[in-house]
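Thanks for asking me to look this one over. My comments follow as numbered points, so you can check each against the model as you read.

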Amino acid sequence: GVSGIAIDPNNSNTIFIATGDDDAGDSYAVGVWKSTDGGATWNNTGTLTGNPNSMNEIYFFPGDSNKLMVATSSGIYKSIDAGATWIRTSTVNTKSLKMKPNDATTWYAVSSNTFYKSTDSGASFQEISIPSLSGALRLEIDITPANANYVYIVKAGSGYSFDGIYKSTDSGSSFTKTAEADDIFESTQAWYDLAFGVSDTDENTLFVGVLNVWKSTDAGDNFTKINNWNLPTQASYTHADIHFLRYFDGTLFAGTDGGIYRSLDDGTNF
């Protein structure tokens, strides 16, 4: 299994993958692997202290082929030598990792119930107290280049049901809970799939996916369901069990149990 992919910004033949199934543990992690021939052959990289059994997101620092960060069940690791060695900079079971847009000194991370922030290029992480995250069973975070100071968190609470959207406008130093209280998960399976994406051109446009995709245009105060998993003739249809939502250059991608979908119009058509 592979739950994270990073392509060298200076050489697209160099690819790193974070191994293991981060959603359901259906395959175990065997390290960070590297290819220098466009994926034709692979080799394991340096040892990860603690031997994580799952990994998720892996990133290059902007423009730097030697610096990477990877989030795992055993913590967050940083490499400054293209994966030859990894330094563990956090020991927290990390479920999501993001870099502040255009600022590689600032990183955000979450465990299942706690938010963390780094202001030293990922060398260390500090817990940011958000009392209302108490009782969370899963968190996901996203950021947006539309406003680099915004950070959003979606919370799965008791029984893995929806329990709120949290918004920061000061780079994760403080958060407020938005007004949305409807069951936008429509299930208790967020332990298995929970996707969260913010528009890269409008910091107030958010998408959450579990069974179906829900959209907010007012920074998370109100969401509207834009599709139904059992109505495949809808223009906005995506298959159910949504594991991934992310914008790339104005295009929204959804990774689901039924394939990869893309929208060029903020979810009106997929």
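**Notes on sheets, cores and rings**

1. Two bridges join S19 to S20, and the two strands run antiparallel. One such pairing sets Lys-215 opposite its bridge partner in S20, Thr-224. Strands here are DSSP runs (E, at least two residues), numbered from the N terminus, just as helices are runs of H or I of at least four residues; two strands pair if DSSP finds at least two bridges between them. A word on the source: this is a predicted model, in which local features need pLDDT of at least 70 and side-chain atom pairs count only at pLDDT 80 or more, while totals for chains, interfaces and linings use all residues. Residues are numbered from 1 along each chain as its sequence is written, and side-chain values use heavy atoms, with hydrogens and water left out.

2. S19 and S20 belong to an open sheet of four strands in the order S17-S18-S19-S20, with antiparallel pairing. Its edge strands are S17 (195-198) and S20, each of which pairs on one side only.

3. Asp-221 is found in the loop between S19 (213-216) and S20 (224-225). It counts as partly exposed, at 31% relative accessibility (buried is under 20% relative accessible area, exposed over 50%, partly exposed in between, with a 1.4 Å probe and protein chains only). Leaving aside neighbours within four places in sequence, Asp-221 is in contact (heavy atoms within 4.5 Å) with Thr-178, Ala-179, Glu-180 and Ser-216.

4. A second view worth taking is the open sheet of four strands ordered S5-S6-S7-S8, again with antiparallel pairing. S5 (55-60) and S8 (87-90) stand at its edges with a single partner strand each, so one side of each has no neighbour in the sheet. S5 and S6 (68-72) pair over four bridges in the antiparallel sense, and Met-55 stands opposite Thr-72 in S6.

5. Now the interior. The largest nonpolar core has 18 residues, and those with the most contacts inside it are Tyr-152, Val-154, Ile-165, Phe-185 and Val-208. Such a core is a set of buried Ala, Val, Leu, Ile, Met, Phe, Trp, Tyr and Cys residues joined through side-chain atoms within 4.5 Å. S14 (151-156), S15, S17 and S18 (206-209) each supply at least two residues of this core, and the largest share, three residues, comes from S14. Apart from it lies another core, of 14 residues, among them Val-110, Ala-136, Ile-153 and Phe-175.

6. How many aromatic pairs does a search of the whole structure find? There are twelve, where rings of Phe, Tyr and Trp (its six-membered ring) pair if their centres lie within 6.5 Å, and planes under 30 degrees apart count as stacked, over 60 as edge-to-face and the rest as tilted. Tyr-108 and Phe-115 are stacked, because their ring centres are 6.0 Å apart and their planes at 25°. Both are buried, Tyr-108 with a relative accessible area of 0% and Phe-115 with 1%.

7. Phe-115 also pairs with Phe-175: the centres are 4.9 Å apart and the planes at 70°, so this pair is edge-to-face. Phe-115 lies in S11 (115-118) and Phe-175 in the loop between S15 (162-168) and S16 (176-177), so the pair ties together parts that are 60 residues apart in sequence. Phe-175 is buried too, with a relative accessible area of 15%.
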